[in-house]
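Colleague: Could you take me on a close look at the pockets in this one? I'd like to start with the runner-up in size and then hear about the top one.

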Amino acid sequence: MMVTIRRYTVEEFGDMLEGYREAADIRATVLHHTYSPCARDYKGLETIEAIRRYHLQRGWTDIGCHAYVAPDGCVYNGRPPTARNAACHYGERPPEEWPEELRRLAGEDRGWANRHGFGIEVIGNFDDEDPVASRAMQTALDLLAVVHTMWRIPVSHCFMHRDLARKSCPGRRVRKEWVHRELERRLAMQQDVAEWAREAVAWVRKEGLMSGYPDGSFRGGEPVSRQELAVILFRLARWLQKSTAK
């Protein structure tokens with residue numbers, strides 16, 4: 001039976017994944033982009049269902065990846081992480097062309113990434129679109145951090161679809177070094193925030209009430225100065241004004 005697709009925040013999606021932590025044998029992540037539809041074509045769930053129909057027409061049993069990230073920052077579920085497929089079938093490169101780290105993990109096994117990879121597809125054409133300015137790509141990086149934390153996956157095990165396929169996916173403007181650097185930064189931010197405070201810290205960061213330090217850390221155990229408290233209260237007052245004005 002095909003999955004029921006619904007919309008999540010990153011935090012909600014992470015809570016959903018908790019139910020698969022023990023059952024899913026996830027050892028890597030694979031980052032994709034849709035190319036078409038691109039960001040301007042996005043129409044909510046309708047777009048995700050259209051992607052599923054395309055995959056079904058190609059003979060797959062359901063939508064290909066495990067998660068889809070939209071231009072509005074929403075995350076849609078695809079296959080559950082216990083189901084084989086990180087959507088790495090198209091135009092496969094032979095193992096001798098894979099990155100050294102992937103060859104070390106998979107050997108000659110062409111199906112390894114679809115058994116042990118978590119596939120995230122970002123709605124956009126990053127051959128042209130700027131990934132740094134894309135809310136969808138930034139949200140995908142947040143989601144990658146959740147997956148890598150949950151299954152204790154090293155940053156070096158985050159692969160681009162082009163590592164396995166003869167295509168530019170996740171886009172010519174998406175550099176693996178940048179993805180890994182951003183992922184490392186997010187993982188470092190998680191490590192200096194206590195588990196019980198992470199949801200609240202994620203919310204105040206997202207709403208712009210607190211931004212942390214220039215190196216990306218939050219330093220959750222450090223005291224707040226009177227000046228810093230004044231800035232937080234000022235931002236909160238502005239946030240409340242905007243919220244009540246809607």
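Modeller: Sure. The second largest pocket comes out at a volume of about 460 Å³, and keep in mind that this is a predicted model. It is lined by 22 residues, and those closest to its centre are Thr-34, Tyr-54, His-55, Glu-121 and Lys-167. As for the elements, β2 (28-33) and α2 (45-57) are the ones that give two or more residues to this lining. Of these, α2 gives the most, with four residues. Sort the lining of the second largest pocket by class and you get 10 nonpolar, eight polar and four charged residues.

Now for the largest pocket, which has a volume of about 1200 Å³. Here 34 residues do the lining, and the closest to the centre are Val-10, Glu-11, Val-146, Gln-190 and Ala-202. The list of elements that give two or more residues to the lining of the largest pocket runs β1 (7-8), α1 (10-18), α5 (135-150), α6 (176-191) and α7 (198-206). Within that lining, α5 has the largest share, at eight residues. By class, the lining of the largest pocket holds 16 charged residues, along with 11 nonpolar and seven polar ones.

If you're clicking through the model, try α2 as a way into the second largest pocket, since α2 gives the most to that lining. For the largest pocket, try α5, the source of the largest share of the lining.

Note on methods
Residues numbered from 1 in each chain as written. Predicted model: local features only at pLDDT ≥ 70, side-chain atom pairs only at ≥ 80, totals over all residues. Heavy atoms only, no water. 1 Å grid on protein atoms, 1.4 Å probe; cavity = no way out; pocket = protein on both sides within 12 Å on 5 of 7 lines; lining within 4 Å. Points joined across faces, edges and corners; volume = space filled by probe spheres on them. Nonpolar A, V, L, I, M, F, W, Y, C, P; charged D, E, K, R; others polar.
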